[in-house]
Amino acid sequence: MTHQLKDGGQVLNVGMLARVEGEGGMHIEIKDRKVVSVKLNIFEPPRFYEGFLRGRKYTEPPDITARICGICPVAYQSASTEAMETICGVTTTAEIQLMRRLLYCGEWIESHSLHIFMLHAPDFLGYDSVLEMAKDHADVVNMALRLKKAGNDVMELVGGRAIHPVNVKVGGFYRMPTLTELEGLKPDLERGLEDALAAVQLVSTFDFPEMEQDYNYVSLRHPDWYPLERGTEIVATSGVRFPVAQVGEHIKEFHVEHSNALHASFDGEKYFVGPLARYSLNFDQLSPRCQEAALKAGLGETCRNPFKSIIVRTVELAYAFEEALRIIDLWTDGHAPSVPVAPRAGEGIGASEAPRGTIWHRYKIDADGVILDAQIVPPTSQNQASIEADLRLAAEQWVDLDDHTLSHRCETAIRNYDPCISCATHFLDLRIKRS
Amino acid sequence: MTDPGTTTPAHTHEGADGSHTHGDADASQAPTAPARPKLAVWKFASCDGCQLSLLNCEDELLSIAGAVHIAYFPEATRAVVEGPYELSLVEGSITTPEDVKRIHEIRAQSGTLVTIGACATAGGIQALRNWADVDEYRSIVYAHPEYLSTLDTSTGIASHVDVDYELRGCPVDKSQLVEVLAAFLGGRKPRIPTYSVCVECKLKGNVCVPIASGQPCLGPVTQAGCGALCPSYGRGCYGCFGPQDSTNTDSLTHQLRKLGMRWDDIVRVYRTFNAGAPEFEAASNKVAAGGAS
Ligand code: SF4
Ligand code: SF4
């Protein structure tokens with residue numbers, strides 16, 4: 001499907017990139033076997049969340065910002081509740097924090113299993129979709145559906161609903177699930193943990209293209225846990241580390257012409273957030289079982305091959321099952337679902353680890369709790385420059401492959417990021433121009 | 001900014017079956033219609049949550065894929081089979097000039113067109129721009145607002161083309177979505193209740209939230225479908241399924257005032273995920289204009 005351009009160059013149109021959340025475009029231009037430009041275009045019409053959050057009440061962001069993304073609403077709910085609690089000078093209880101972590105485990109399980117098996121694995125196994133894959137790999141697909149459902153069940157019980165949970169509020173929850181209800185989840189979670197550990201080995205047998213980049217990984221870090229619903233610091237491979245409250249001094253957003261999503265830089269350079277970054281900066285905080293599974297699957301304590309993100313994601317999937325079970329085992333009934341939060345004027349930041357990377361929110365509110373200013377920085381916009389760098393490297397490295405294979409590699413390279421461009425995108429139209 | 005060539009599916013999946021079935025859209029013919037009607041899932045400005053509801057039907061997904069031919073669904077598959085499509089599910093609202101054109105193209109190649117979710121039926125949360133100065137929004141969020149092409153409004157699909165059925169919710173309810181698919185396949189009307197969330201709440205035996213705890217609740221004016229989720233979790237309904245058939249918003253406004261709410265808070269309560277639904281829009285405008293009833 002290669003066709004000539006007026007200027008003598010070539011455009012290979014392999015259609016829109018599928019199996020990502022949202023739609024966008026990509027443009028690769030090759031001249032004399034050299035890559036001259038690579039652009040990830042995000043066309044999603046802007047939805048102006050930061051605009052209309054102004055004038056809303058400090059209690060509203062958990063419900064409103066959840067609607068930025070149907071795949072990772074809890075990430076938005078967690079970051080926004082934390083920001084508001086910081087501003088209002090309120091600390092919630094240990095139980096509320098645990099329940100938030102459990103809800104977040106549900107989201108990780110749901111989102112990671114969706115991405116691993118339904119969006120990404122078909123690339124490695126040579127199918128257009130999971131539905132086609134089901135014809136030859138029925139047991140894998142049935143396992144995937146079971147895993148995903150177990151995550152949704154956690155979200156439905158703890159959050160009230162799997163998409164846009166209704167039970168989250170600034171200060172905690174409207175209602176705490178009971179121990180009996182939570183224990184009802186255990187059989188499926190136990191089975192899920194076994195399945196996920198087996199899946200780590202399964203995905204590690206895929207054929208991975210050789211490609212490594214010298215990424216500056218950036219992730220939340222918590223002294224006691226693998227970062228998930230919150231962290232105390234932001235750390236980077238470069239060695240820079242600082243408290244979450246200072247994130248605005250290091251991470252700057254900027255607007256480029258070819259994308260409707262803002263780009264971002266870390267101390268002036270491109271950087272990388274997401275499972276590979278989390279894993280490589282927090283390997284020591286994984287459970288012994290997950291560490292062992294990771295090493296057995298051939299991962300080192302850091303991983304620099306973006307195509308292997310599918311293995312890292314599966315390790316995190318197993319970790320989320322283990323954490324969910326650990327939290328349920330710790331649980332006792334009788335805790336207050338929330339603490340009261342009265343508004344006070346100020347500004348604050350909340351951050352969490354969405355399945356696809358660090359997300360942070362900054363709000364400024366007045367004494368009545370009316371929002372004066374809001375800034376929301378999702379992972380995919382932070383990763384745009386890294387995605388482009390990967391595409392450039394892939395195109396350079398595999399320039400001699402036929403267009404079809406090269407295109408497929410490039411698509412897979414984008415899906416490595418599990419980009420959630422629904423907050424920003426319309427069509428991802430992959431074009432390779434050769435001249 | 002968008003490449004003109006990107007508004008239609010760009011490649012055809014070679015060897016895909018079902019591409020010869022013709023586009024007979026008459027649902028009443030369904031029993032004799034060709035096996036496996038073609039389904040397309042489209043997205044406009046939205047969060048992907050409603051199409052995710054389809055993938056969240058873990059127990060039903062493989063049977064759905066057996067009953068309909070998933071011909072176009074970029075979130076789930078690279079394969080693209082050209083239209084016409086017997087059934088199109090449309091998520092998201094219309095917010096750009098390109099999308100106005102695209103929805104007409106989709107209507108033209110769809111037998112039955114069903115909108116799913118609050119964005120597609122009422123413009124979604126982003127319809128809040130309909131009350132604002134979009135140029136100001138642009139400059140709040142973007143350093144170079146001149147790069148963007150966007151409309152001043154966010155509107156539901158039915159404001160642009162004829163729609164055969166609207167499924168409410170932010171997001172849609174999974175079982176209601178399955179019911180719509182089953183009804184399409186069976187050539188009958190979907191059985192979706194049009195009564196209020198209050199009825200579901202009573203059926204569940206919930207305590208009435210505003211009465212018990214004084215929190216505002218839009219249940220009396222909101223269409224059922226969620227199983228009275230919020231009241232079951234001890235909070236008032238915030239109207240994510242949009243207005244019920246015959247709402248009495250004046251009476252609700254009066255009740256909210258009795259709970260001690262300020263006028264500006266009542267305006268906010270009506271203006272969330274279904275702010276652009278005519279009943280909620282009118283009620284909020286009435287309150288904003290200086291109190292109501
Ligand atoms: S209606 Fe709600 S759930 Fe559906 S796409 Fe819009 S924001 Fe997402
Ligand atoms: S109770 Fe109301 S706000 Fe809550 S889920 Fe149901 S319709 Fe939506």
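Let me begin with ligand 1, which in this predicted model is surrounded by Arg67(A) and His164(A) from one chain, and by Ser46(B), Cys47(B), Cys50(B), Glu91(B), Gly117(B), Ala118(B), Cys119(B), Gly169(B), Cys170(B) and Pro171(B) from the other. As that list of names suggests, ligand 1 lies between chains A and B. If we sort the shell around ligand 1 by class, we find 6 nonpolar, 4 polar and 2 charged residues.

Two members of this shell deserve a second look, and for that we need some background on the backbone. Most residues other than glycine have a negative phi, and most peptide bonds are trans. His164(A), one of the residues around ligand 1, has a positive phi of about 55° although it is not a glycine. In sequence, His164(A) belongs to the loop between α6 (138-159) and β5 (168-169) of chain A. Is His164(A) buried or exposed? Its relative accessibility is 1%, and because buried means under 20% relative accessible area, His164(A) counts as buried.

The other member is Pro171(B), which is joined to Cys170(B) by a cis peptide bond, with omega at about 0°, and both of these residues are in the shell around ligand 1. Pro171(B) is found in the loop between β5 (165-167) and α6 (174-186) of chain B.

Away from that list, chain B has another cis peptide bond, between Gly83(B) and Pro84(B), again with omega at about 0°; here Pro84(B) sits in the loop between β2 (69-72) and β3 (85-91) of chain B. Chain A, for its part, has a positive phi of about 45° at Asp267(A), which is not a glycine either. Asp267(A) is in the loop between β11 and α10 of chain A, and with a relative accessible area of 40% Asp267(A) is partly exposed.

Let us turn to ligand 2. Which chains does ligand 2 lie between? Ligand 2 lies between chains A and B, and its surroundings include Arg161(A) together with chain B residues, among them Val197(B), Thr222(B), Cys226(B), Cys237(B), Tyr238(B) and Phe241(B). The largest share of this shell, 3 residues, is contributed by helix α9 (residues 229-232) of chain B. By class, the shell around ligand 2 divides into 9 nonpolar residues, 2 polar and 1 charged.

Next come the annotated cysteines of chain A. An unreviewed UniProt entry places the feature "binding site" at Cys69(A), Cys72(A) and Cys420(A). Although these residues are spread over 352 residues of sequence, they cluster in space, and the largest C-alpha distance is 8.8 Å. The unreviewed entry also lists Cys72(A) and Cys423(A) under "binding site".

Where does Cys72(A) lie? Cys72(A) is in the loop between α2 (61-66) and α3 (73-88) of chain A, and Cys69(A) is likewise in the loop between α2 and α3 of chain A. Cys72(A) is buried, with a relative accessible area of 4%, while Cys69(A) counts as buried at 0% relative accessibility. Leaving aside residues up to four places away in sequence, Cys72(A) touches Glu107(A), Pro355(A) and Arg356(A).

Now to the aromatic rings. How many aromatic pairs does the structure hold over all chains? The structure holds 17, and one example is the tilted pair of Phe272(A) and Tyr417(A), with 5.0 Å from centre to centre and 40° between the planes. Phe272(A) lies in the loop between β11 (263-266) and α10 (275-282), and Tyr417(A) in the loop between α14 (403-415) and β15 (429-434), so this pair ties together parts of chain A that are 145 residues apart in sequence. Both Phe272(A) and Tyr417(A) are buried, and ring pairs link them with Tyr215(A) and Tyr217(A) into a cluster.

Rings also appear beside charged side chains in this model. Arg175(A) lies over the face of Tyr233(B), at 4.8 Å from the ring centre, whereas within chain B the charged end of Arg102(B) sits over the ring of Phe44(B), 4.0 Å from its centre.

I will finish with helix α11 (residues 263-270) of chain B, whose buried residues are Asp265(B), Ile266(B), Val267(B), Arg268(B) and Tyr270(B). The buried residues of α11(B) pack against α10 (249-258) and α12 (278-288) of chain B.

Note on methods:
Residues are numbered from 1 along each chain as its sequence is written. Chains are lettered from A and ligands numbered from 1 in the order in which they are written. This is a predicted model: local features need pLDDT of at least 70, side-chain atom pairs count only at pLDDT 80 or more; totals for chains, interfaces and linings use all residues. Side-chain values use heavy atoms; hydrogens and water are left out. A residue is near a molecule or strand if one of its heavy atoms lies within 4 Å of it. Ala, Val, Leu, Ile, Met, Phe, Trp, Tyr, Cys and Pro count as nonpolar, Asp, Glu, Lys and Arg as charged, and the others, Gly among them, as polar. Rings of Phe, Tyr and Trp (its six-membered ring) pair if their centres lie within 6.5 Å; planes under 30 degrees apart count as stacked, over 60 as edge-to-face and the rest as tilted. Helices (H or I, at least four residues) and strands (E, at least two) are DSSP runs, numbered from the N terminus. Buried means under 20% relative accessible area, exposed over 50%, partly exposed in between (1.4 Å probe, protein chains only). A charge sits over a ring if NZ of Lys or CZ of Arg is within 6 Å of the ring centre and within 35 degrees of the ring normal. Contact means heavy atoms within 4.5 Å. UniProt positions are given in the numbering used here, feature names are shortened, and annotations may be inferred rather than shown by experiment.
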